[in-house]
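I sat down with this model to see how a few of its helices pack. My notes follow, in the order I looked things up.

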Amino acid sequence: MISQLESLYQNFLEELKTQKTQAEILNLKADYIGKSGKISEVLKNLKNLSVEEKKEVGPKANKIKDDIANDIANKLQAVEIEEINQKLADNKIDIGLRESVKTTGSRHGGFHPRTLIRQEIEDIFLSMGFDVLDGPHIEDEFHNFEALNIPGDHPARDMQDTFWFKDESSPEGKKHLLRTHTSTIQVRGMLSRKPPFRFIAPGTVFRCERTDASHEMVFQQLEGMMVGENISVGNLIYFMKTTLKEIFKKDVEVRLRPGFFPFVEPGFELDIKCQVCGGKGCSVCKHTGWVELLPCGMIHPNVLRAGGIDPDKYNGFAFGLGLDRLVMMKYGIDDIRHLQSGDLRFNEQFKTY
Ligand code: PHE
């Protein structure tokens with residue numbers, strides 16, 4: 001009987017070698033050590049043996065059963081590992097793709113320089129505790145003008161030539177337009193949160209303007225706003241300088257001039273030394289050596305009030321960074337129209353993967 005069991009075990013080992021899947025292995029297990037498996041069949045004859053023989057065969061049979069169970073467990077584990085490795089190999093990410101694309105001559109996408117700078121600025125402001133907000137391109141007069149202290153008859157409306165929608169108005173009777181600045185998101189931001197808060201809002205804006213080397217009809221701004229108690233012009237200048245230093249990776253020369261925007265008081269224009277010509281004068285800086293980059297100021301009390309904030313308790317600053325101009329300064333681009341040209345020869349110079 002012992003030799004019978006031993007040869008069964010040898011057969012088992014031979015069969016086990018050829019089993020590939022978990023199901024096959026489990027079947028084999030049942031075949032040998034299941035209730036009516038081959039080993040159990042042999043052991044049914046145990047009762048016919050003498051006590052002496054039982055003493056010898058019993059432990060041997062148990063050992064073979066244990067060995068089979070162990071062999072099965074090991075094999076199952078090996079098969080599982082093999083399956084995992086196979087899955088990993090099948091789903092392998094081809095990090096050599098770029099090379100193979102190159103050799104087949106296909107073009108590979110990259111980020112637009114504007115996107116690169118926007119992401120960089122978002123990271124800088126996020127690290128200084130600012131949120132990043134978004135808002136709609138199609139706005140109404142309330143969010144684009146009135147809430148920003150520019151009522152219907154205010155001459156400042158002429159500062160921003162507007163694309164109006166014909167015969168369309170909001171339920172409150174406010175005319176619709178394409179937003180002329182990201183300051184609309186100041187209004188939305190104030191109405192949806194309680195001070196203190198700080199956020200930036202990058203986005204596309206639209207103006208019905210003649211285009212030239214430094215003006216486009218569709219361009220990008222990045223609005224920023226900080227509201228709290230006892231905020232000062234010093235805070236404003238600190239955040240602006242820190243941001244510019246991080247972007248240009250060096251100290252850039254800036255100058256602050258008084259500027260008029262109905263939604264800030266006092267208002268400033270922050271100019272930077274033209275990085276295209278180094279200040280000598282070119283078409284981008286209109287031969288002045290300086291580029292208007294960052295209009296800003298302390299938020300007008302009327303604007304806070306329209307945003308549901310008590311101007312006697314809170315104050316703050318706001319700025320509207322010209323994102324396209326910043327891209328031009330950072331990369332030394334001499335014409336804003338390149339940015340929207342869709343010319344891949346231009347875009348590909350900034351590719352990062
Ligand atoms: N919204 C202004 C513009 O587009 C810029 C600005 C924003 C000025 C915030 C001051 C404060 O001209």
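These entries cover some helix pairs, one helix face and one buried residue, all in a predicted model.

**Entry 1: helix 1 and helix 2.** I began with helix 1 (residues 2-18) and helix 2 (residues 22-33), whose axes come within 10 Å and cross at roughly 170°. An angle over 145 degrees counts as roughly antiparallel, so that is how I logged helix 1 relative to helix 2. On the helix 1 side I listed Leu8, Asn11, Phe12, Glu15, Leu16 and Thr18, which meet Glu24, Ile25, Leu28 and Tyr32 of helix 2. Sorted by class, this contact has six nonpolar, two polar and two charged residues.

**Entry 2: helix 1 and helix 4.** Next I checked helix 1 against helix 4 (residues 51-90), and their axes also come within 10 Å, with a crossing angle of roughly 5°. Helix 1 and helix 4 are therefore roughly parallel to each other. Helix 1 brings Ile2, Leu5, Glu6, Tyr9, Phe12, Leu13, Leu16 and Lys17 to the contact, and among the helix 4 residues I noted Val57, Ala61, Ile64, Ile68 and Ile72. The class tally for helix 1 with helix 4 is 11 nonpolar, no polar and seven charged.

**Entry 3: helix 9.** How far does helix 9 reach from its first C-alpha to its last? I found 23 Å for the 16 residues of helix 9 (residues 233-248), close to the 22 Å expected at 1.5 Å a residue. Its buried residues are Leu236, Phe239, Met240, Thr243, Leu244, Ile247 and Phe248. Looking down the axis of helix 9, I see these buried residues fall within an arc of 145°, so they line one face of the helix. Just past helix 9, Lys249 has a positive phi of about 60°.

**Entry 4: Ile121.** Is Ile121 buried or exposed? This residue sits in helix 6 (residues 113-127), and Ile121 counts as buried because its relative accessibility is 0%. Setting aside neighbours within four places in sequence, I listed its contacts as Ile200, Leu222, Thr243, Ile247, Leu321, Leu323 and Leu326. Thr243 caught my eye: Ile121 and Thr243 are 122 residues apart in sequence and 7.4 Å apart in space, C-alpha to C-alpha.

**Entry 5: helix 11.** Leu323 and Leu326 led me to helix 11 (residues 323-331), where both are buried, along with Asp324, Val327, Met328 and Met329. What do the buried residues of helix 11 pack against? I noted helix 6, helix 9, strand 6 (218-228), strand 8 (264-273), strand 9 (290-299) and strand 10 (315-322). Just after helix 11, Gly332 takes a positive phi of about 65°.

Conventions. Residues numbered from 1 in each chain as written. Predicted model: local features only at pLDDT ≥ 70, side-chain atom pairs only at ≥ 80, totals over all residues. Heavy atoms only, no water. Axes fitted to C-alpha atoms, helices over the stretch in contact; angles between N-to-C directions. Helix = DSSP H or I, 4+ residues; strand = E, 2+ residues; numbered from the N terminus. Parallel < 35°, antiparallel > 145°, perpendicular 65-115°, else oblique. Contact = heavy atoms within 4.5 Å. Nonpolar A, V, L, I, M, F, W, Y, C, P; charged D, E, K, R; others polar. Expected span 1.5 Å × (residues − 1). Buried < 20%, exposed > 50% of the residue type's maximum accessible area, 1.4 Å probe, protein only. Arc of directions from axis to C-beta.
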